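Subject: Structure for you, with notes on its charged residues

Hello,

Here is the structure I said I would pass on. My notes on its charged side chains follow below.

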Amino acid sequence: GSDLEYYRLTLRGRWYRPLGDNLTLKLRGVAGYGDGYGDLDELPFFRNYYAGGSGTVRGYGPRSLGPRTSDSSDDPLGGSKRINATTELYFPVPGLDDSRNQRLSFFIDAGQNYSSDQSVDLAQLRYSAGITFHWFTAVGPMSLSYAMPFNDDPVDDIKKLQFTLGTMYR
């Protein structure tokens, strides 16, 4: 149904490791690359990768990292390449005995996306660290995160407090 010829390759990985009865370490990584072929020289704009927000790099606005428009609006464009990594340590909420539906976590996030004419430069990665409260409610999982961004640019959209309800399906 379309004349657009392009591809996207995404590699995702998660690893969980119990560190005793009440601690769990989670490592997560995502790498993505896309490009056009045939008559298309680059990935269509509506298939670009984005980074920033509660699913990638907490502490930054959703989909806000990476290349931006050069006009006065300075809107995020997304990119054809993305790198994202998270280290998270889960533990019980102090004072709540044997609570299976509530927990806390400390995290460190890193990520960025790049346009087709940019090479992947790890010095441009954005970092954040913080704490998240996770609650598995009857209507779905809920999270409240507070993150402190590191090495942010003046053009970056900073959102230290982020709330999510439910999960994103891929």
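A residue is called buried when its relative accessible area is under 20%, exposed when it is over 50%, and partly exposed in between. K159, at 38% relative accessibility, is therefore partly exposed. Please keep in mind that this is a predicted model.

Salt bridges

How many salt bridges does the structure hold? There are 6. I describe some of them here.

K159 pairs with D157, with 3.5 Å between the closest N and O atoms. D157 has a relative accessibility of 29%, so this residue also falls in the partly exposed class.

The side chains of K26 and E88 form another salt bridge, at 3.9 Å from N to O. K26 belongs to strand β2 (residues 24-36) and E88 to strand β4 (residues 81-91), so this pair ties together parts of the chain that are 62 residues apart in sequence. Are these two side chains buried or exposed? K26 is buried, because its relative accessibility is 9%, and E88 is buried because its value is 3%.

R126 and D156 make a salt bridge as well, and their closest N and O atoms are 2.7 Å apart. This pair too links distant parts of the chain, since R126 sits in strand β6 and D156 in the loop between β7 (140-150) and β8 (158-159), with their positions 30 residues apart in sequence. Strand β6 covers residues 126-137. The side chains of R126 and D156 are also listed as a polar contact of 2.7 Å. Both residues are buried; for R126 the relative accessible area is 9%.

Going back to K159 and D157, their N to O distance is 3.5 Å. Beyond single pairs, K26, R58, E88 and D109 are joined into one network by salt bridges that share partners.

Surface charge

Which residues gather in a patch of negative charge on the surface? They are D3, E5, D39, D41, E42 and D117. One of them, D3, is located in the segment before β1 (6-18). With a relative accessible area of 76%, D3 is exposed, because the cut-off for that class is over 50%.

In short, the charged residues in these notes include buried ones such as K26 and E88, partly exposed ones such as K159 and D157, and the exposed D3.

Regards

Methods:
Residues are numbered from 1 along each chain as its sequence is written. This is a predicted model: local features need pLDDT of at least 70, side-chain atom pairs count only at pLDDT 80 or more; totals for chains, interfaces and linings use all residues. Side-chain values use heavy atoms; hydrogens and water are left out. Patches are made of residues with over 30% relative accessible area and no salt bridge: like charges are joined within 9 Å, nonpolar side chains (Val, Leu, Ile, Met, Phe, Trp, Tyr) within 5 Å. Accessible areas come from the Shrake-Rupley method with a 1.4 Å probe; for residues, only the protein chains shown count as cover. A salt bridge is a side-chain nitrogen of Lys or Arg within 4 Å of a carboxyl oxygen of Asp or Glu. Lys and Arg count as positive and Asp and Glu as negative; His and the chain ends are not counted. The place of a charge is taken as NZ of Lys, CZ of Arg, CG of Asp or CD of Glu. Helices (H or I, at least four residues) and strands (E, at least two) are DSSP runs, numbered from the N terminus. Buried means under 20% relative accessible area, exposed over 50%, partly exposed in between (1.4 Å probe, protein chains only). A polar contact is a pair of N or O atoms within 3.5 Å; within protein, one must be able to donate a hydrogen and the other to accept it, and residues adjacent in sequence count only if both atoms are side-chain atoms.
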